[in-house]
Amino acid sequence: MNTYSGLIVLLSLAVPCLLVPLPKEHSGGIAIVNPGHTDIRTHSYTVAILTGMDLLGGGVLVKQNWVLTAASVVHGFKKEDIVVRVGSNSGYYDGHLRNVSRIIEYPDYSTNQSYNLALLKLDRPVFYRVAAHISYLARVPFQDDRSYGNLTGYGQETYDVTEYTNGPQLQIIGMELYSSSYCNHNFWSMSVPNIQFCAYANDSGPCFGDVGDPLVKCVRPSQCELLGIYTGVNICQYNTPSTYMDIGQFYGWIQKNIGSKRTWSRT
């Protein structure tokens, strides 16, 4: 992720929650948290998707053995070529690796890349405590203009790969969220399809390696929703909104493929 250290907010540790508190609005824009780096213990739903030691993108655990990501992250790869790293602050080291036993791209993606979603079935389930996980998939289309959410992922901190020396580290950006209609009317360069929405943070944004990252909103400390998956549009363009698949419009497709029964371990 592309971050700038001049915009920082502090984590509140007084109340345990799935995500850090929602970012506050400042005159300079949306603040970066801590300053951009975070901990997998707070965001254990976030995963890194790799082929060998190459970071393809990010994803989110939506069930113990299923990951949701962008179809463009895995399109053209065989399932044997891909591994998913879970439970680590680094995209390259630590945590646990899972192989992929099945790839399901959204059916319309091959002819319309606006439908940029895919599901990965893991060869073995991931066991975490429930308190560290997302509570809900959004069930209705995104409409809440000017609300706030958190984007987490392992992407580059700069578009200049020569400065990318520490490898992919888990980071977070607080972003202001806009519906597709709001985005198209207020940002002249945008043309967002109605199955997506956009998000913006001053001097920050997703960069290479962040495609497929989850964007999540907390309505209260114990209830957080997965709202979007980063599509890769306006990558590393930190002064232009980035776009996200609207998970509320694909809830039925996701549940049909992963099964509606919740299986998170409570131990």
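The protein chain folds, in this predicted model, into three helices and 17 strands. Of its 267 residues, 54% are buried. Contacts that reach far along the sequence are well represented: among those with a separation of 6 or more, 71% link residues 24 or more positions apart. The chain exposes an accessible surface of about 12,000 Å², and carbon and sulfur atoms contribute 49% of that area.

Turning to the interior, the largest nonpolar core gathers 55 residues. The members that touch the most others in this core are Ile49, Val62, Leu68, Val84, Leu117, Leu119 and Met175. Strand 16, spanning residues 223-230, supplies the largest share of the core, with five residues. A second core, separate from this one, consists of eight residues, among them Ile40, Ala48, Leu55 and Tyr92.

Leu68 offers a helpful view of how the largest core is put together. Once neighbours within four places in sequence are set aside, Leu68 contacts Gly59, Val60 and Val62 on one stretch of the chain, along with Leu117, Ala118 and Leu119 on another. Its remaining partners are Gly212, Leu226, Ile229, Ile247, Trp253 and Ile254. Val62, Leu117 and Leu119, which Leu68 contacts, are also listed with Leu68 among the residues that touch the most other core members.

Strand pairing can be followed at strand 17, which covers residues 242-246. This strand is mostly covered, with five of its five residues buried. Strand 14 (residues 196-200) runs antiparallel to strand 17, and four bridges join the two. Within this pairing, Gln196 stands opposite Met245 of strand 17.

Terms used. Residues numbered from 1 in each chain as written. Predicted model: local features only at pLDDT ≥ 70, side-chain atom pairs only at ≥ 80, totals over all residues. Heavy atoms only, no water. Core = buried A, V, L, I, M, F, W, Y, C linked by side-chain atoms within 4.5 Å. Buried < 20%, exposed > 50% of the residue type's maximum accessible area, 1.4 Å probe, protein only. Contact = heavy atoms within 4.5 Å. Pairing = 2+ DSSP bridges. Areas by Shrake-Rupley, 256 points an atom, 1.4 Å probe, with all protein chains shown as cover.
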